[in-house]
Amino acid sequence: MAIIDNFKKYLKFKVNDELGNSDLVKKENKLTGILLVNLGTPDYFDSKDIRKYLMEFLSDPKVINLPRLIWIPILYFVSLLRSRKLEQSYAKIWMRDGSPLSVYSKRQLLGLENRLDNEESNNSVKLSLGMRYGKPSIKESLNDLIRGGCNKILILPLYPQYSYTTTASVMCEVYHCIRNVRDLPEIRFIKRFYNENFYIKFLTEKISSFWKEKGRSEKLIISFHGLPVNSINKGDPYYYDCIDTANLICNELNIPKEDIEISFQSHFGFGKWLKPYTSHVVKRLARNGVSSVDIICPGFVSDCLETLEDVQEGYKKEFLEFGGKIFRYISAPNDNNLWLDGMSDFIKNNIKNWN
Ligand SMILES: C=CC1=C(C)c2cc3[nH]c(cc4nc(cc5[nH]c(cc1n2)c(C)c5CCC(=O)O)C(CCC(=O)O)=C4C)c(C)c3C=C
Ligand SMILES: [Fe+2]
Ligand SMILES: [Fe+2]
């Protein structure tokens, strides 16, 4: 009998070996992965790297919805001109370890790792950061999580308001990246979080403490990144998310609607973009004798080119040129501890009972 048993064992080994499977061991994948995704930014502030980033960003059909055959040759020149223009802008805001968007996103990752690692769950959570354009890519960060043994992955695009051009683009990229994975992890997406308690509470407490410390300006401008009106007409709910965000902030602060202005910054190319433009609002207020404004940009969880250059520098200059006296930018959440506490609770709530 022993001889037969040994022969069977030998045969089994032989068969596995021939199939190249002798080292097949069932991997225990039972970690929950959290993939934070932000827009991305150039690697460095020289025009070559900026152009590379712009080419990737603006050739995404979810961002610019023109026929490829027409758009790509145009983009070749647009990116050349724009990258030269942006070189100086990026240089002004660049930090020791990179662009602000990259530095703050990495600090957010670290802060969340520290908070979620401390759980009694024994490190059953693994975090990673991916950028929709540039580095680290969504593909490599997702791979890290999957290879690291995550069988459930929560995707958290760092955009409070949903847009087809940003959030949906992340979702599509994630599905594209895992299309060839044999043992797919379960995937959950956070579509938006502007209406979550932690987000509204953080922003309003930030504004209140800013006012307590420095006094309150005559107007509060709530400025969002712009979007082509065409995108809204096709069904993108971004505009309504922005208006909702502003109303929630206003209600939580308990201030009258007349004290705030909602506006949209940064338009690109031709065509109609969401109005009123922040630039127009800033000039109108100054012209009408408003001497002080505070401005907050609740669409950005990290400071970046848009907030530091366009808002803090550009719109301030315009306000002062048109007769305004005080223009103060209230910074993005960045790596604030209370913000990270709120985010980590939000993540915990979204993964509990997921088994
Ligand atoms: C058609 C073009 C663009 C759409 C649509 C768009 C939507 C959109 N973008 C953000 C967030 C950010 N955009 C940033 C920079 C940026 N955006 C565009 C164009 C569109 N954005 C360009 C060409 C650029 C580069 C800078 C410039 O040329 O002005 C950034 C900052 C990146 C950084 O490195 O700091 C962010 C953040 C959102 C949320 C959004 C839709 C709602
Ligand atoms: Fe943008
Ligand atoms: Fe801009």
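# A guided tour outward from helix α11

Begin by selecting threonine 307, which lies in helix α11; helices here are DSSP runs of H or I with at least four residues, strands are runs of E with at least two, and both are numbered from the N terminus. The model on the screen is predicted, so local features need pLDDT of at least 70 and side-chain atom pairs count only at pLDDT 80 or more, while totals for chains, interfaces and linings use all residues. Residues are numbered from 1 along each chain as its sequence is written, chains are lettered from A and ligands numbered from 1 in the order in which they are written, and side-chain values use heavy atoms, with hydrogens and water left out.

**Stop one: threonine 307**

Threonine 307 is buried, with a relative accessible area of 0%, where buried means under 20% relative accessible area, exposed means over 50%, and partly exposed is in between, using a 1.4 Å probe and protein chains only. If its neighbours within four places in sequence are left aside, threonine 307 is in contact with Cys297, Phe300, Gln312 and Tyr329, contact being heavy atoms within 4.5 Å. Next, add histidine 225 to the selection: its C-alpha atom is separated from that of threonine 307 by 9.4 Å, although the two residues are 82 residues apart along the chain.

**Stop two: the iron ion**

Now select ligand 3, an iron ion, which is coordinated by Glu306 (OE) and Asp310 (OD), at 2.6 Å. Donors are N, O and S atoms within 2.8 Å of the metal (3.2 Å for Na, K and Ca), and because water is not among the atoms, sites may look incomplete. Glutamate 306 and aspartate 310 are four residues apart in helix α11 (residues 305-321), and are therefore separated by about one helical turn. Of this pair, glutamate 306 is buried at a relative accessible area of 17%, whereas aspartate 310 counts as partly exposed at 26%.

Glutamate 309 is found in helix α11 as well, and is buried with a relative accessible area of 11%. Not counting residues up to four places away in sequence, glutamate 309 touches Ser89, Lys92, Ile93, Cys304 and Gly314.

**Stop three: phenylalanine 319**

Follow helix α11 to phenylalanine 319, which is buried with a relative accessible area of 0%. Beyond residues up to four places away in sequence, its contacts include Val282, Leu285, Val290, Val293, Ile326 and Phe327. Serine 47, for orientation, is 272 residues from phenylalanine 319 in sequence and 29 Å from it in space, C-alpha to C-alpha.

**Stop four: the cavity**

The structure holds one cavity of 30 Å³ or more, and about 50 Å³ of space lies in the largest cavity. On a 1 Å grid over the protein atoms alone, a cavity is a set of points where a 1.4 Å probe fits but cannot get out, and lining residues have an atom within 4 Å of a point; grid points are joined across faces, edges and corners, and a volume is the space filled by probe spheres set on the points. To display the lining, select Tyr199, Leu203, Ile296, Cys297, Pro298, Phe300, Tyr329, Ile330, Ser331, Ala332 and Pro333. Both α7 (197-214) and β8 (326-330) supply at least two residues of this lining.

**Stop five: the strands**

Turn next to strand β5 (residues 219-225), in which six of the seven residues are buried. Strands β5 and β7 (residues 292-296) run parallel and are joined by four bridges, with valine 293 as the bridge partner of lysine 219; two strands pair if DSSP finds at least two bridges between them. Strand β5 also pairs in the parallel sense with β6 (residues 260-265), over six bridges, and there isoleucine 221 has glutamate 261 as its bridge partner.

Then select strand β3 (residues 150-157), where seven of the eight residues are buried. It pairs in the parallel sense with β1 (residues 31-38) over seven bridges and with β4 (residues 186-189) over four. Isoleucine 155 is a good residue to centre on, being the bridge partner of leucine 35 and having phenylalanine 189 as its partner in β4.

**Last stop: the whole chain**

Zoom out to see twelve helices and eight strands, with the C-alpha atoms filling a box of roughly 100 × 50 × 40 Å along the principal axes. Of the 355 residues of the protein, 49% count as buried.

Note on methods. 1 Å grid on protein atoms, 1.4 Å probe; cavity = no way out; pocket = protein on both sides within 12 Å on 5 of 7 lines; lining within 4 Å.
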